[in-house]
Structures are given as structure tokens and as C-alpha cells.
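Visitor: I am new here. Could you show me the structure, so that we can look at it together?

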Amino acid sequence: MTEPLDVAKLQRRLAEFAAARDWQPYHTPKNLVAALSVEASELVEIFQWLTPEESARVMDDAETAGRVTDEVADVLAYLLQLCEVLGIDPLAALDAKIDRNERRFPAP
């Protein structure tokens, strides 16, 4: 049986993957942010010229769905690596940001 996934486990796997290839010297905050931006742009590229209706159905096509899924994974991988390098708990950061947004934008 496979263990359930969690953020810390994924961050460890990413760190081990990079360490096995001696990539840590390249995983600076600057480089990780640049890579994150590139991957996010690759995700944007898939949606760039779609209508709102087409974008809502993007996962209906298996090939496009695979591309979207891969780019989402790339974005998340670089974001998790950046958080690891900077010592940010991404779930705690998101939770705190939602709290701030709830105060900033109260529901009517």
C-alpha cells in the first residue's frame, strides 16, 4: 500500500531528487523563482488563446489534460522547493493569507 502524500514528504522527495543529481548549488531562491515563473508561463501558454468556454473544458482532451497536469506539477514542484530553501511552511502561509483576506474582504 502507498503512503498518503503530504507536502513535507513531497518536499523531501524533491530534495532527494536534486541531491542525487548534485543540483543543490543551482537551487537558489533566485533560480527557483525564475524557474517557477517559466513553468507558470508554460501553463498560461496552454490557455492563452482559449475562450472562457474552451478553457473550462480543457481537461476533456486527454493530450491537453496531460500537458496541463504536467505544468501544474512543475509549478508546484518549484514552489515547494522555493519554500523549502526559504524555510516557508506553504500550508501555514496559505492559511495565514486566507485569514488576512477574510478580514480584508469580508463577506456581505
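Visitor: Which residues form a nonpolar patch on the surface?

Guide: Welcome! This is a predicted model, where local features need pLDDT of at least 70, side-chain atom pairs count only at pLDDT 80 or more, and totals for chains, interfaces and linings use all residues. Residues are numbered from 1 along each chain as its sequence is written, and side-chain values use heavy atoms, leaving out hydrogens and water. A patch takes residues with over 30% relative accessible area and no salt bridge (a side-chain nitrogen of Lys or Arg within 4 Å of a carboxyl oxygen of Asp or Glu), and nonpolar side chains (Val, Leu, Ile, Met, Phe, Trp, Tyr) are joined within 5 Å. With about 350 Å² of accessible area together (Shrake-Rupley method, 1.4 Å probe, only the protein chains shown as cover), the patch here is formed by Phe17, Trp23 and Tyr26.

Visitor: Does tyrosine 26 count as buried or exposed?

Guide: Tyrosine 26 sits in the loop between H1 and helix H2 (29–47); helices are DSSP runs of H or I, at least four residues, numbered from the N terminus. Buried means under 20% relative accessible area, exposed over 50%, and partly exposed in between (1.4 Å probe, protein chains only). Because its relative accessibility is 54%, tyrosine 26 counts as exposed.

Visitor: And what does phenylalanine 17 count as?

Guide: Phenylalanine 17 belongs to helix H1 (residues 7–20). Its relative accessibility is 40%, so phenylalanine 17 counts as partly exposed.

Visitor: How many helices does the protein chain have?

Guide: From the N terminus on, its elements run α-α-α-α-α. There are 0 strands, and the helices come to 5.

How values were computed:
Patches are made of residues with over 30% relative accessible area and no salt bridge: like charges are joined within 9 Å, nonpolar side chains (Val, Leu, Ile, Met, Phe, Trp, Tyr) within 5 Å. Helices (H or I, at least four residues) and strands (E, at least two) are DSSP runs, numbered from the N terminus.
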